[in-house]
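I opened this entry to keep track of what I looked up in one structure. The order is fold, confidence, pockets, then a few single residues.

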Amino acid sequence: PRSTLFPYTTLFRSATQTANASSICNFGKAKGRTYDHVLIYPVADMASWLQDASTDLKPQTRSKLYVAITRARFSAGFVVADNKINELPDTLSVWKP
């Protein structure tokens, strides 16, 4: 396992715009690797699923999301727009700087 001081960032598509991140990898390339902390930039259908878990996800999308979440040894976080935070269920913790 590789230890990281900063979260490792996983993306569904490498073209996704991110904040300055120390390490970035798409979901497929992250498969088989482990990191202490992971930030996930979800695509639209993943974000909809975070808001409502009864939302259908395509099998490939569900598999890639599983890979992204399970890369983390200690914590995984989702990066969502500030205006979407209030749409998340109360079961998810929200970090605010």
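Helices (H or I, at least four residues) and strands (E, at least two) are taken as DSSP runs and numbered from the N terminus. With that settled, I read the protein chain along its sequence and noted the pattern β-β-α-β-α-α-β. The tally for the protein chain is three helices and four strands. I am working with a predicted model, and the entries below should be read as such.

**Confidence**

I looked up the confidence of the prediction next. The protein chain has a mean pLDDT of 78, with 75% of its residues at 70 or more. For the terminal stretch, residues 1-6, I found pLDDT below 50. This stretch nevertheless has twelve contacts in the model beyond near neighbours in sequence. Which elements of the protein chain have the lowest and the highest mean pLDDT? The lowest, 58, belongs to strand 1 (residues 8-11), and the highest, 89, to helix 2 (residues 44-51).

**Whole chain**

I then checked burial and surface. The protein chain has 97 residues, of which 30% count as buried. Its exposed area is about 6,700 Å², and carbon and sulfur atoms supply 51% of that. For contacts between residues at least 6 apart in sequence, I noted that 62% join residues at least 24 apart.

**Largest pocket**

I asked for the pockets. The largest pocket holds about 590 Å³ of space. It is lined by 17 residues, and those closest to its centre are Gly77, Phe78, Val79, Ser93 and Trp95. Two elements give two or more residues each to this lining: strand 3 (35-41) and strand 4 (72-78). Strand 4 supplies the largest share, three residues. Sorted by class, I have 13 nonpolar, two polar and two charged residues in the lining of the largest pocket.

**Second largest pocket**

For the second largest pocket I wrote down a volume of about 160 Å³. Its lining includes Pro42, Ala44, Ala47, Ser48 and Gln51. Val79, Val80, Ala81, Lys84 and Leu88 are also among the lining residues of the second largest pocket. By class, this lining has seven nonpolar, two polar and one charged residues.

**Strand 2**

I picked two residues here. Asn26 sits in strand 2 (residues 23-26). Is Asn26 buried, partly exposed or exposed? Asn26 has a relative accessible area of 23%, so I list Asn26 as partly exposed; the cut-off for buried is under 20%. Ile24 is also found in strand 2. Ile24 counts as partly exposed because its relative accessible area is 42%, and exposed would require over 50%.

I took C-alpha distances from both residues to Ile40. Asn26 and Ile40 are 14 residues apart along the chain, with their C-alpha atoms separated by 9.6 Å. For Ile24 and Ile40, 16 residues apart in sequence, the C-alpha to C-alpha distance is 10.0 Å.

**Val94**

My last entry is Val94, in the segment after strand 4. Val94 has a relative accessible area of 38% and is therefore partly exposed. Which residues does Val94 touch, not counting those up to four places away in sequence? I found Ile85 and Leu88. Leu88 had already come up as one of the residues lining the second largest pocket. I also noted the spacing of Val94 and Gly77: they are 17 residues apart in sequence and 9.1 Å apart in space, C-alpha to C-alpha. Gly77 is among the residues closest to the centre of the largest pocket.

Technical notes:
Residues are numbered from 1 along each chain as its sequence is written. This is a predicted model: local features need pLDDT of at least 70, side-chain atom pairs count only at pLDDT 80 or more; totals for chains, interfaces and linings use all residues. Side-chain values use heavy atoms; hydrogens and water are left out. On a 1 Å grid over the protein atoms alone, a cavity is a set of points where a 1.4 Å probe fits but cannot get out, and a pocket is an open set with protein on both sides within 12 Å along at least five of seven lines; lining residues have an atom within 4 Å of a point. Grid points are joined across faces, edges and corners, and a volume is the space filled by probe spheres set on the points. Ala, Val, Leu, Ile, Met, Phe, Trp, Tyr, Cys and Pro count as nonpolar, Asp, Glu, Lys and Arg as charged, and the others, Gly among them, as polar. pLDDT is the predictor's confidence in each residue, from 0 to 100. Contact means heavy atoms within 4.5 Å. Buried means under 20% relative accessible area, exposed over 50%, partly exposed in between (1.4 Å probe, protein chains only). Accessible areas come from the Shrake-Rupley method with a 1.4 Å probe; for residues, only the protein chains shown count as cover.
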